[in-house]
Structures are given as structure tokens and as C-alpha cells.
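Visitor: I would like to go through the spaces in this model and hear, for each term, on what grounds it is applied. Please show me the structure before we begin.

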Amino acid sequence: MNIQIHKNLEALSRAAVEFFAASAAQAISERGRFLVALSGGKTPQSMFQMLPDAPVGWPRVHVFWADERCVPSDDPGSNYGQARRAFLDKVKIPEENVHRVQSDLEPAEASKSYALTLSGFAEPPLEFPRFDLVLLGMGDDGHTASLFPGSEVDASTPTLAVTAQYQDRPANRVTLTPKVFNAARQIIFLVSGESKAETLARVLDDENYQPETLPAQRIHPLGGAVTWMVDEDAASKLPRRMKQKFCEG
Ligand code: 6PG
């Protein structure tokens, strides 16, 4: 695990764009394509807006979602819609490389249909792809993607239908599960703002492993790496030894 502490959301977003571009270049040169899973929420918005200016081989990029809210794709709450408006409409990505969740279906149906989409990119013996990069956020309550505190995680399926109330966001969702996240090559968590500070300190405390209440702790890729890109406000409650160990961006 690696933690980068950046001055503010803008600096963090710039670093995340650089990470995205480097990770895409490496995947494309090694495997001919770049498989990335996006999240929704406020934090990635500025990174998304910077992506059209980044040197990325878009024709070789395949975009998926770590989670989606079950609303029509033109609803302001749609994670797909957010990415489409912020950058997908502005880059040369082939339409068939955008693999959205069928969020207008019933959640259980949408979840099944997304598992099928994933199986089309499976890296055997897995029945889903090994993502080159997964972008995750973290809620004030420690949720990530749509893995919420207290909700059961069926570890056997690659996707799950979930119902969870968080802030004023749509409650019915589809999420990828830890088995998919933990097979990824690279994961970045983007975390910004003071409201996340206390939870971030609890999530990163190795002596406090409580994944049922802090689902972000379920993310620990077996053959990959996790980078936490956080801003100074979000890092404000990390113990000093942790802040000293990791570079300030
Ligand atoms: C979603 C997200 C979710 C998000 C966190 C953080 O669809 O709601 O994927 O997991 O990443 O809630 O959201 P913020 O960036 O808005 O704090």
C-alpha cells in the first residue's frame, strides 16, 4: 500500500490523471488494451474533466464501472452519465469500448447482465477481467463502490445488486465485489475533504481490521497494488508516523 498526500483536490486530480495515463500506456504496450473501472461521486469529477487533455491511447481503452446507481443513463445520478459528460464524449474512445451497467433494468437483472458483460473480458481461470486499473472513492462512512457498512457481501459472485441509503443518492445499485477488485493490477482510492478524515484514519489503521463496518478495508489486491491519493484535509487525522512515512505530493 502506498499513500500520497496532495495539497488539495486539484493536485490530487492531476496526479490521478498522470497515474491513469501511465497505467494505460503500460497496459497497452504489454497487453494491447487498457481495462479500467470507474466510480461515481463528487471526488473524481475534476479528474474526469482533466482526462481529455491527457496523453491516452483512447482507441485501446475499455471503460467499465466499479458501481452504478440504478437510474436511467441520462439521470443526473448516473455514474455512466457523469463520465460521459465529463470526458467520454470528448475523447476518441470507440462506442463499443464503453461497457455501462444496464441501469434502467431491475437491480438484480442489471447485476446479472453486468456479470455477463464482465465474462466477455474474463482472464481464465477468473470469470471476469483482471482490471488494469480500478478507481475507487470512499464515503464518510467507509463504504467503497457500493459495498456499504453492514450489508452482506456474497463473495462468490462478481457483481451484486445492493440497496443502501447514502446522503441523497439513488439507493438501488449494482456493484462489483471484492473478488473482482482484489484481482486488479492497480487500484487508486481518491479521497478528499475533512469529512473523510476520521474514517480514513480508521480504514488505514492495520490494527483495526473491521471490514463489516469499514468496507474499504476489503480492498487488498492479491497480485496488485493499492495507492491512496488523498488531500491534506482528508489526511488531517492520520497519525504523524504515517504522514512522515509517505511523501507529500
Ligand atoms: C457511487 C460511488 C461511491 C463513491 C463514494 C464517495 O456511485 O456513489 O461509486 O462509492 O465513490 O460515495 O463519493 P464522493 O466522492 O462523492 O465522496
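Visitor: What makes the space taken by the ligand a pocket, and which pocket is it?

Guide: The ligand takes the space of the largest pocket. On a 1 Å grid over the protein atoms alone, a pocket is an open set of points with protein on both sides within 12 Å along at least five of seven lines, whereas a cavity is a set where a 1.4 Å probe fits but cannot get out; lining residues have an atom within 4 Å of a point. A molecule sits in such a space if more than half of its atoms lie within 2 Å of its grid points. This is a predicted model, in which local features need pLDDT of at least 70 and side-chain atom pairs count only at pLDDT 80 or more, while totals for chains, interfaces and linings use all residues. Residues are numbered from 1 along each chain as its sequence is written, and side-chain values use heavy atoms, with hydrogens and water left out.

Visitor: How many residues line the largest pocket, and which lie nearest its centre?

Guide: The lining has 24 residues, and Gly41, Lys42, Thr43, Arg169 and Lys196 lie nearest the centre. The volume, taken as the space filled by probe spheres set on grid points joined across faces, edges and corners, is about 350 Å³.

Visitor: Why is the pair between His143 and the ligand called a polar contact?

Guide: A polar contact is a pair of N or O atoms within 3.5 Å (within protein, one must be able to donate a hydrogen and the other to accept it, and residues adjacent in sequence count only if both atoms are side-chain atoms). A polar side-chain atom of His143 lies 2.7 Å from an oxygen atom of the ligand, so the pair meets the cut-off. Asn79, at 2.8 Å from a ligand oxygen, and Arg173, at 3.3 Å from a ligand oxygen, also have polar side-chain atoms that qualify under this limit.

Visitor: Which space in the structure is called a cavity, and which residues line the largest one?

Guide: The search of the whole structure finds 1 cavity of 30 Å³ or more, and the largest cavity holds about 40 Å³ of space. Its lining consists of Ser39, Gly40, Thr43, Pro44, Leu135, Leu136, Gly137 and Leu190.

Visitor: What is the volume of the second largest pocket, and which residues lie nearest its centre?

Guide: That pocket has a volume of about 280 Å³, and of its 16 lining residues Met1, Val203, Gln217, Ile219 and His220 lie nearest the centre.
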